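Grab a coffee and work through these short exercises with the model open beside you. Each task comes with a worked solution.

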Amino acid sequence: MKLVRVLTLDEKVVWGIEMEDGSIRQARGEPGTADCRPGRRVTVLKRLAPVDARVIFCIGLNYRRHAAETG
């Protein structure tokens, strides 16, 4: 079973299960648990990254000049 995160034609972001024939079925239950099983077939508009990174943290010490100026 391969879990995928997709955008459907009705613009909803859902977890899906990729079937052997390549079709995607919406996951019922919680992804990653034994309760996760295929539900209704969905039409995929776009495959999405598995994680929705809304916030990205950076540290200035990754850059030599910034590290030098801050000591």
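**Exercise 1.** Work out what share of the residues in this predicted model is buried.

*Solution.* Start with the cut-off: a residue is buried when its relative accessible area is under 20%. Apply that to the 71 residues of the protein, and buried ones make up 20%. Now turn to the outside: the accessible surface comes to about 5,900 Å², and carbon and sulfur atoms own 52% of that.

**Exercise 2.** Compare the radius of gyration with that of a compact globule of 71 residues.

*Solution.* First, the reference: such a globule would come out near 11 Å. Next, the protein itself: its value is 19 Å. Then check the box filled by the C-alpha atoms, which is roughly 55 × 30 × 20 Å along the principal axes.

**Exercise 3.** Write down the order of helices and strands along the sequence.

*Solution.* Count the elements: five strands and one helix. Now read along the chain, and you get β-β-β-β-β-α.

**Exercise 4.** Decide whether Met1 is buried or exposed, and find its contacts.

*Solution.* Place the residue first: Met1 sits in the segment before strand S1 (2-8). Its relative accessibility is 71%, so Met1 counts as exposed, the cut-off being over 50%. Skip the neighbours within four places in sequence, and Met1 still touches Ile17 and Cys36.

**Exercise 5.** Tally the charged side chains and locate the centres of the two sets.

*Solution.* You'll find 13 positive and 9 negative side chains. Take the centre of each set, and the two lie 2 Å apart.

Conventions: Residues numbered from 1 in each chain as written. Predicted model: local features only at pLDDT ≥ 70, side-chain atom pairs only at ≥ 80, totals over all residues. Heavy atoms only, no water. Helix = DSSP H or I, 4+ residues; strand = E, 2+ residues; numbered from the N terminus. Buried < 20%, exposed > 50% of the residue type's maximum accessible area, 1.4 Å probe, protein only. Contact = heavy atoms within 4.5 Å. Rg over C-alpha atoms; globule rule 2.2 N^0.38 Å. Areas by Shrake-Rupley, 256 points an atom, 1.4 Å probe, with all protein chains shown as cover. Lys, Arg positive; Asp, Glu negative; His and termini not counted. Charge placed at Lys NZ, Arg CZ, Asp CG, Glu CD.
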